[in-house]
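The following exercises concern a single protein chain and its bound ligand. Please work through each task before reading its solution.

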Amino acid sequence: MNRNDSPQSDSRNVIIVGPGAMGCLHAALLGRMPHLDVALLDYRTDRAELINEQGVIIEAPAGTYTVSVPCTADAQELSTADLVIIFTKAYDTLAAAEHCGPVVGPETAVLTLQNGLGNYQVLQQHFAAEQVLAGTTASGATLLGVGQVRQAGISKIVLGSPIGNQALADSTVELLKSADLEVELTADVDARLWRKVLINCAINPLTALTRRRNGELLESAALRDLAGQVAEEVYRVGQAVGIDWGEFDPRREVEKVCQATATNQSSMLQDILAGRRTEVEYITGAVANAAERHGAAAPLCQCLTALVEGLTEAEGEG
Ligand code: PAF
């Protein structure tokens, strides 16, 4: 939306930063609601123009649909947002924060739903900590082309305020629920982010290294066991960090996600296949660093980080 356009008084402005698979999927899910004024923010002008013209195209199990979502590379063209959702790769979080600065006012909620550890801390350094929210989603999406996504399954969003800004977390949950999304509020964001990173540590590097879909990890007894060992290692590191895991069986949870997203290519496998840099540094790499800081051991996470980095270099990106 143009800065000079005034949104309908009861409409809410949502800006999604990063038109990757998850960014486009959520832009479509939110953008089809008439009471939400949704725009995508990219850093590439050519890609933004294409998405702006063609819309976001979602190949869903029930059929393909297109949602017209304004997309721009110039944040100055957009109005101040009620909610900004950061969906860039973890290594681009700081750049994303800088880029979306013009649409973040004092009342704006800035929510990261990215993979990996450390994203909300970067946002807290850039914006007021009270306006930063963090969460997870395990929805499966594959980027088929610019603005084109195959939707594998829509899962619940879990979010909260890392510093306990309950009012902002509540109003953001309500906003997302108003778009018919399943959303849960959590009082312990770090525990949720560790649950998600545990899943990503166990699935993403192994699928990227073996070029298998998530469900195929369960078909090999050796890979299934290795994924379980990685999950247990992350669980132990989390305990050393002070994460409250609650009722959480690491092996079972990984297997459940592999089954639920069986036909999905993990985001890391998609990155490897597309010759892109992966987020391994923020997944197994971040867990290995946390282990070092807290006197725990994470040899599997260390090893997987080195292997994926080596694979990326061998494929010509880095
Ligand atoms: O990164 C991913 O691909 C996803 O977080 C997950 C849950 C592993 C499903 O593919």
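**Exercise 1. Polar contacts of the ligand**

Determine how far a polar side-chain atom of Ser-267 lies from an oxygen atom of the ligand.

Solution. In this predicted model, the distance from a polar side-chain atom of Ser-267 to a ligand oxygen is 2.6 Å. A polar contact requires a pair of N or O atoms within 3.5 Å. Two further side chains can then be examined. For Asn-115, a side-chain N or O atom is 3.0 Å from an oxygen atom of the ligand. For Lys-196, the corresponding distance is 3.4 Å. Finally, consider the cover: taken on its own, the ligand has 280 Å² of accessible area, and the protein covers 94% of this.

**Exercise 2. The shell around the ligand**

State which residues surround the ligand, how they divide by character, and which element supplies the largest share.

Solution. Begin with the list: Asn-115, Lys-196, Asn-200, Asn-204, Asn-214, Val-257, Asn-264, Ser-266 and Ser-267 are the residues around the ligand. Next, sort them by character, which gives 1 nonpolar, 7 polar and 1 charged residue. Last, assign them to elements: helix 6 (residues 189–210) contributes the largest share of the shell, 3 residues.

**Exercise 3. The surroundings of Cys-258**

Is Cys-258 buried or exposed? Identify also its contacts beyond its neighbours in sequence.

Solution. First, locate the residue: Cys-258 belongs to helix 8 (residues 250–260). Its relative accessibility is 1%, and the limit for a buried residue is under 20%. Cys-258 therefore counts as buried. Next, set aside the neighbours within four places in sequence; Cys-258 is then in contact with Ile-203, Asn-214, Gly-215, Leu-217 and Leu-218. One of these, Asn-214, also appears among the residues around the ligand.

**Exercise 4. The enclosure of helix 1**

Explain why helix 1 (residues 21–31) is described as largely enclosed by the rest of the structure.

Solution. List the buried residues of helix 1: Ala-21, Met-22, Gly-23, Cys-24, Leu-25, His-26, Ala-27, Ala-28, Leu-29 and Leu-30. Since 10 of the 11 residues of this helix are buried, helix 1 is largely enclosed by the rest of the structure.

**Exercise 5. The chain as a whole**

Decide how the compactness of the chain compares with that of a globular protein of its length.

Solution. The chain contains 11 helices and 12 strands. Its radius of gyration is 19 Å, close to the 20 Å that the globule rule gives for 318 residues, so the chain is as compact as a globular protein of that length. Of the 318 residues, 52% are buried. Among contacts with a separation of 6 or more, 71% join residues 24 or more positions apart.

Methods:
Residues are numbered from 1 along each chain as its sequence is written. This is a predicted model: local features need pLDDT of at least 70, side-chain atom pairs count only at pLDDT 80 or more; totals for chains, interfaces and linings use all residues. Side-chain values use heavy atoms; hydrogens and water are left out. A residue is near a molecule or strand if one of its heavy atoms lies within 4 Å of it. A polar contact is a pair of N or O atoms within 3.5 Å; within protein, one must be able to donate a hydrogen and the other to accept it, and residues adjacent in sequence count only if both atoms are side-chain atoms. Accessible areas come from the Shrake-Rupley method with a 1.4 Å probe; for residues, only the protein chains shown count as cover. Helices (H or I, at least four residues) and strands (E, at least two) are DSSP runs, numbered from the N terminus. Ala, Val, Leu, Ile, Met, Phe, Trp, Tyr, Cys and Pro count as nonpolar, Asp, Glu, Lys and Arg as charged, and the others, Gly among them, as polar. Buried means under 20% relative accessible area, exposed over 50%, partly exposed in between (1.4 Å probe, protein chains only). The radius of gyration is taken over C-alpha atoms; the globule rule is 2.2 Å times the number of residues to the power 0.38. Contact means heavy atoms within 4.5 Å.
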